[in-house]
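Reader: I should be grateful for a close look at a single part of this structure. Please explain each term as it arises.

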Amino acid sequence: LLLIVSFLTGCWDRLEIEERAVVLGIAIDSANSEDVAEEELGVSHMKGRHADPKNTGVKLTVQIAVPGRIPLGPGGEGGGGGGTGGEKRSTWVLQVSGHSMDDAMSNLQQQISATIFLGHLRVIVVSEQLAKRGLKDINDYLRRNPEVRRLTWMVVSKGDAARFMVATPELERVPALYLLSSMEQSVRMGKFPKGFVGKFWSNMSKLGQEAFLPYVSLKEKDNLAIEGMAYFRNDKMVGKTEPLEIGYYLGIKGINPAGYSAYEPVPGSKGIVVFNSINRQTVTKLKMIHGKPHFTVHIFLEGNIREKINYPYELNDATIKKIEQNMSKKAWIAYYDLVKKTQKDGSDIFGFGEMLRAKQPGFWNENVRTKEKWQEMYKDIPIDIKLNVRIRRTYMSAK
């Protein structure tokens, strides 16, 4: 009986779900100290008194789930009824400011009766302005919080991040879940690599690699668009790619499936074909030439011709061969330009430095040693791209 009684202690710290403020999404924007001073409640310090008056604060827009009103499935309703507006809204959006993340969260807790719970946080949106300023303090707060899952998505927004928490997409009644499903689906379709916040923090901690995040925007109907990849140097965003350059990054890394298409003119005619990539194979080799590292990336890309435009004839083997050769040349330029863009900003998002560190530890320990040193060396490291495009199938004709 004494042993059985000991099992009852497992519920000593239970907390009913109705007593928790379940946060689904957080949007973080930059805020001026003057604006923070006007809105602060004096929770963590007396109003107008803080250690660093020049510190730039943050503005949080938090999306909290209303118990019983979150849809349980496609078209379904929660236990207390679904809906998006009026008294049956499924989420509650609050906005607070603070001199830091912890200060802002303290101000938020002061306005909510239930305990803030981040265990179900799915999406973190940071504004481009804040990302360029630096995410060191934001990352420090989130990484030390045991409730924040490493599978949460963090994205960089074009413009204010707060708009993503109040958006009303047609396909989902909960904006945070819509953003989550959009990013997960982009990975399945080969439109973006896996970029969970845990991977972002891991890449940021590596000595020979930099981190990246999705760069997204909201369109007129509150639909999400992935407009590129925001890449970092340490904790600061230093540049972004175009949407198609995400496919080039996936090619250099050899990540499948391949989900991007390209328009290619037919040699000797005014016709155009649409090439859809389906598979990639990449091998990266490292050689030490005259005591310096030299990388060669071999990329084999295969796909299908999905459509032809203004080309009245059937594609024969000779024409397909010419298309393959032209695509290989043009794609090589695009891949090379992406590498040069990251080298100019000193942001090795491909992990060449980690490969050098693993295969040539003696050279690394003697000549590099630090992340800052590799950021400078990466700008001048020779990186060759060798690309081979193969067309496997052409379109089907109806006769």
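Author: The following account concerns one helix and the loop that comes after it.

This is a predicted model, in which local features need pLDDT of at least 70 and side-chain atom pairs count only at pLDDT 80 or more, while totals for chains, interfaces and linings use all residues. Residues are numbered from 1 along each chain as its sequence is written, and side-chain values use heavy atoms, with hydrogens and water left out.

Helix H5 covers residues 136–144; helices (H or I, at least four residues) and strands (E, at least two) are DSSP runs, numbered from the N terminus. The buried residues of H5 are Ile138, Asn139, Tyr141 and Leu142. Here buried means under 20% relative accessible area, exposed over 50%, and partly exposed in between (1.4 Å probe, protein chains only). Viewed down the axis of H5, these buried residues fall within an arc of 165°, so they line one face of the helix; the arc is that of the directions from the helix axis to the C-beta atoms. On the face of H5 turned away from the buried side are the exposed residues Lys136, Asp137 and Arg144.

Between H5 and strand E6 (153–157) runs a loop that contains arginine 149. Arginine 149 is partly exposed, its relative accessible area being 41%. Leaving aside residues up to four places away in sequence, arginine 149 touches Gly119, His120 and Val197, where contact means heavy atoms within 4.5 Å. Glycine 119 is 30 residues from arginine 149 in sequence, and their C-alpha atoms are 6.8 Å apart in space.
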